[in-house]
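Let's take a walk through a protein and DNA assembly, one part at a time. Keep the picture open while you read, and look up each residue as it comes along.

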There are 2 protein chains.
Amino acid sequence: MYIFAKMNFQMAKKVSISDIAECLGVSKTLVSLVINGKAEQYGINAQTKKRVLDKVEELNYRPNLLAQGFRTGKTNTIGVIVSDIANRFYSRIARKIEDLAWKNGYSVVICSTDENVDKELQQIKLLQERKVDGLIISSSQLDAEFFNTLNDAHFPHVLIDRRFENMTSSSVVIDNQSGAQMAVNHLISQGYRKIGMISITPQHISSIRERVHGFYQAMELAELEVNPLWNIDVPFDNMENEIRNSLQQLHSQHNLPEAFFTLNNNLTSTCLMQLRELSVKIPSDVALIGFDDVLYFDFTNPSITAIEQPVDLISEQAFNLLLKQIKKNDVTKEERSICLPISINIRESTIKR
Amino acid sequence: MYIFAKMNFQMAKKVSISDIAECLGVSKTLVSLVINGKAEQYGINAQTKKRVLDKVEELNYRPNLLAQGFRTGKTNTIGVIVSDIANRFYSRIARKIEDLAWKNGYSVVICSTDENVDKELQQIKLLQERKVDGLIISSSQLDAEFFNTLNDAHFPHVLIDRRFENMTSSSVVIDNQSGAQMAVNHLISQGYRKIGMISITPQHISSIRERVHGFYQAMELAELEVNPLWNIDVPFDNMENEIRNSLQQLHSQHNLPEAFFTLNNNLTSTCLMQLRELSVKIPSDVALIGFDDVLYFDFTNPSITAIEQPVDLISEQAFNLLLKQIKKNDVTKEERSICLPISINIRESTIKR
DNA sequence: TCGATTTCCTAAATCGTTTTAGATTTTTGT
DNA sequence: ACAAAAATCTAAAACGATTTAGGAAATCGA
C-alpha cells in the first residue's frame with residue numbers, strides 16, 4: 001500500500017529543481033513552470049512536460065516549502081491562537097479549523113496563551129515572522145487599536161469568541177448577552193430568585209464582559225436584586241482553589257444562593273465538583289447553569305443545563321472570513337462582523353422537582 | 001503597556017539586515033553576527049555592536065524566519081500528529097507538548113489524521129517539506145519498517161501512545177497490557193464474571209491490540225470464558241451508531257454481560273451514554289470500566305472507574321527524546337524505548353453495592 | 001525565399017539570511 | 001620605523017524556488 005511512500009522517505013537526500021533541470025538538460029525555469037502547472041500557459045511542449053514530470057517522479061522530487069515560501073511570501077499556513085487548546089471549547093474549534101484548513105491546503109500552527117498578554121504578543125509576532133498567511137485568534141488582552149493597526153497593515157486575521165468595540169478587524173462571536181439573559185431567564189422561569197454568578201478574570205475579555213452584562217440586565221428586568229456576595233470572580237490561573245474557598249465560605253455561612261450561573265465550561269465543571277464536595281445537592285439546594293455546553297454535561301450527575309455555542313459554525317465562518325482576506329477578496333463592513341445565535345440545553349441541574 | 005508592541009506592527013513594512021547594514025555603512029555580515037550574538041566571538045567592537053543593536057531597535061527589525069530557516073535548515077518548529085486533537089487525551093498531550101516547545105523556543109504544528117493512513121502519510125510528507133525539526137506522532141496505520149526508514153534518514157521523531165514491533169525509532173508508550181489486566185482484575189475482584197469488551201477498529205493500533213491482549217490474558221488467568229457476543233468492535237468513524245446497535249441488540253436479547261471494559265475514553269463516554277438511553281443501571285445491571293481517564297468521569301452519574309495514563313509524563317518524555325535527537329545528542333537503545341506505568345481510579349461504576 | 005509569427009525555451013535576478021575565507025586597519029614589540 | 005600579531009570588519013557564495021524579460025528555432029504566408 002505505501003511501498004511507494006516508503007521509497008519516498010528512503011531517498012530523502014535532497015533533490016532540487018536544479019537537479020532535475022540538469023538531469024534533463026533543460027532550464028530550472030522550465031522545470032519550475034511544469035511543476036507549477038503552468039506548462040500550457042507558457043506553451044511548453046507536451047513531451048518536454050512529460051519528461052519533466054517523469055523525472056520528478058523518478059527522483060522523487062519534493063519541494064522545499066521554506067524556499068518556496070521565502071520566495072513567494074506565501075506559506076499556506078495559518079496561525080490559531082487561543083487561551084488553552086486543552087479546553088474543550090477551543091480544541092473543538094481548533095479541530096474544525098484544522099479540517100477546513102486541510103481541505104484548502106493549509107496547515108495550522110496552534111498556540112495557547114493562558115490569557116497572558118505578553119505571551120499572546122510574542123506569539124503573534126512569531127507567527128508573523130514565520131510569515132503565516134493569516135491568523136485566527138481569541139485574544140485575551142489586546143485591544144481594538146492593536147487589531148486595527150494589524151488590519152491597516154493588511155495582515156489577514158479574524159478574531160473569534162472575543163472582540164473589541166470600534167474594531168475594524170473581522171470577527172466571529174456569539175451573542176453572549178442574549179445567552180446570559182437566556183440563562184438567567186430560564187432560572188427565573190424555574191422559580192429561582194436568589195441567583196449568583198461565577199465569572200473569570202480578566203473581566204475585560206469581551207465574551208465574559210458581555211455575559212456579565214447580560215446577567216445584570218436580565219436580573220434588572222426581572223427586578224431581582226444582585227447580591228455581590230454571590231458574584232464570585234476568580235482568576236484564570238487559580239480557578240479551582242478560589243472557587244472552592246468562596247463556596248466553602250458561603251456554605252458555612254448558610255448563605256448560598258438558589259442558583260449559580262457559571263460563565264464558561266471550566267467554571268461549570270469546577271463548580272459542579274466543588275458543590276459535590278460540599279455535599280450541596282443540585283438542583284434542590286443550588287441549581288446550576290453554565291455558559292458553553294460540553295458533551296459530558298449530558299451525563300454528569302445531575303446533568304447540567306447549559307448555553308450551547310455553535311462551535312462548528314464559528315470555525316467555519318472564521319475560516320471563510322480569513323480565506324477571503326488571504327485571497328484579497330473584499331468583504332463588506334457588515335460581513336466582517338459576525339454574531340452567531342446561541343441555544344440552551346435544559347437538563348436536570350435547573351429543574352425543580 | 002504594549003504601546004511599544006503596537007509600534008512594532010505599524011511599521012511592519014519590511015526591514016532587512018541589508019537595510020540596517022546600509023543605514024550604518026557596515027556589512028551585512030557584521031549585522032548578522034551581532035544579531036546572532038556572535039559579536040564577541042568574532043571580535044566585533046563593542047561600540048559597533050551597540051550601534052547595530054540600537055538601529056535594530058530603531059527600525060524595529062524583525063527577522064524573516066523563512067529566510068533564516070531556508071538558509072540554516074532549522075525552523076524551530078515541531079510537528080505533532082495525532083488521530084484527533086479534539087479528543088481530550090490528545091488535546092492534553094498536545095497542550096503539554098506546546099508548553100514544553102514554547103519554553104524551548106519551538107512552535108508546534110498540529111495535525112489530526114482521523115486514523116487515516118493516506119492523510120497521515122500526506123501530513124508527514126508535508127511536515128518534512130516544511131522542514132520541521134522533528135515530529136511527535138501517534139501513528140495510526142504505518143509500521144515499523146516505515147519508521148525505521150525515517151530513523152535511518154535521521155529525521156528526528158518520537159512515537160507516542162502507539163508503537164511497533166522491531167522498531168528502531170524512539171517511542172513513549174504506556175503499559176497497555178498491564179492496564180487492561182488491572183482493569184479486568186479489578187472487575188473480577190468486585191465479583192464480576194461475565195465481562196465484555198468494547199474496542200475500536202483498526203485493531204492493529206498497538207495500544208488497542210495490547211489492551212485487547214491484556215484483556216484476554218487476564219480472563220484466561222482467571223479462567224473466565226470470553227463470550228464473543230460481548231466483544232463489541234466498532235470502527236473509528238461510526239462508533240456511536242455501532243455501539244448503540246450492539247448494545248440494543250444484547251439488551252433486547254437479555255444477554256448483556258455483567259461488566260464492560262471500554263478501550264478508550266471516547267468508547268467509555270459513548271457506552272455510558274447508550275447504556276443510559278437503554279435505562280441499563282450502572283453498575284447494578286452492567287458495570288463499566290474504561291481505559292484512559294478523563295476529568296469528568298469523576299462527576300458523571302455514576303462516576304466511572306478508569307485506567308489513568310500519565311499524560312504529562314508522556315509528553316515530557318516524548319519531547320525530551322525529540323529534543324535530544326534534534327540536538328544530535330545520542331540516546332542509547334534502552335533510553336529510546338520508554339514505557340510508562342498506569343494507575344487505576346476506582347469509582348462508582350464498578351463498585352457493587 | 002524572406003520577414004513575421006508562433007512555439008518553445010532560458011539567463012539571470014531576486015527573496016533575506018548565514019557563513020567562509022580573507023582583507024584591512026590598528027597595535028605591539030624591538 | 002617596520003614586520004608581526006591582533007583586532008575589526010567584509011565580499012561573495014550559498015540555500016531552492018519563482019519570475020521577468022527576452023532569445024532561438026521552427027513554421028507560416030505570400
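## A handy term first

A polar contact is a pair of N or O atoms within 3.5 Å of each other. With that in hand, take A:T29: one of its polar side-chain atoms sits 3.0 Å from a base oxygen of DNA strand D. One thing to keep in mind throughout is that this is a predicted model.

## Around DNA strand D

Two more spots show the protein meeting the strand, here at phosphate oxygens. A backbone N or O atom of A:N64 lies 3.1 Å from one phosphate oxygen of DNA strand D, and a backbone N or O atom of B:S27 lies 2.9 Å from a phosphate oxygen of that strand. Which elements give two or more residues to the surface near DNA strand D? They are α3 (28-35) and α5 in chain A, plus α3 (28-35) and α5 (65-72) in chain B. The largest share, five residues, comes from α5(A).

There are 29 residues around DNA strand D, and the ones that come nearest are A:I17, A:S32, A:Y61, A:R71 and B:T29. Sorted by character, this surface has ten nonpolar, 13 polar and six charged residues. Now flip to the DNA side: of the strand D atoms within 4 Å of the protein, 52% belong to sugar or phosphate, and the rest belong to bases.

## Where chains A and B meet

Next up is the protein-protein interface. Here 66 residues of chain A are in contact with 65 residues of chain B. The size of an interface is often given as the accessible area lost when the parts come together. For chain A and chain B that comes to about 6200 Å², with 63% of it on carbon and sulfur atoms.

Between the two chains you'll also find 27 residue pairs in polar contact. On the side of chain A that touches chain B, the elements giving two or more residues include α1 (3-10), α6 (88-103), β2 (107-112) and α12 (265-277). The top contributor is α7(A), with ten residues. Overall, that side of chain A splits into 29 nonpolar, 19 polar and 18 charged residues.

## Salt bridges, across and within

How many salt bridges cross the interface of chain A and chain B? The rule finds six, while the count over all chains is 26. In one that crosses, B:D84 pairs with A:R95 at 2.6 Å, N to O. A:R95 also has a partner in its own chain: A:D99, with the closest N and O atoms 3.0 Å apart. A:R95 and A:D99 are both in helix α6 of chain A, four residues apart, which is about one turn of the helix. Is A:R95 buried or exposed? Its relative accessibility is 8%, so A:R95 counts as buried, the cut-off being under 20%.

Other salt bridges link parts that are separated in sequence. A:E316 and A:K96 meet at 3.6 Å, N to O. Because A:E316 lies in helix α13 (residues 311-326) and A:K96 in helix α6, this pair ties together parts of chain A that are 220 residues apart in sequence. A:E316 itself is partly exposed, at 29% relative accessible area.

Then there's A:R347 with A:D293, at 2.7 Å, N to O. A:R347 is in the segment after β12 (343-345) and A:D293 in the loop between β9 (287-291) and β10 (305-308), so the pair ties together parts of chain A 54 residues apart in sequence. Both A:R347 and A:D293 are buried. Finally, salt bridges with shared partners join A:D84, A:D114, A:K119, B:R95 and B:D99 into one network.

Methods: Residues are numbered from 1 along each chain as its sequence is written. Chains are lettered from A and ligands numbered from 1 in the order in which they are written. This is a predicted model: local features need pLDDT of at least 70, side-chain atom pairs count only at pLDDT 80 or more; totals for chains, interfaces and linings use all residues. Side-chain values use heavy atoms; hydrogens and water are left out. Contact means heavy atoms within 4.5 Å. Buried area is the accessible area (1.4 Å probe) that two parts lose on being put together, summed over both. A salt bridge is a side-chain nitrogen of Lys or Arg within 4 Å of a carboxyl oxygen of Asp or Glu. A polar contact is a pair of N or O atoms within 3.5 Å; within protein, one must be able to donate a hydrogen and the other to accept it, and residues adjacent in sequence count only if both atoms are side-chain atoms. Ala, Val, Leu, Ile, Met, Phe, Trp, Tyr, Cys and Pro count as nonpolar, Asp, Glu, Lys and Arg as charged, and the others, Gly among them, as polar. A residue is near a molecule or strand if one of its heavy atoms lies within 4 Å of it. Buried means under 20% relative accessible area, exposed over 50%, partly exposed in between (1.4 Å probe, protein chains only).
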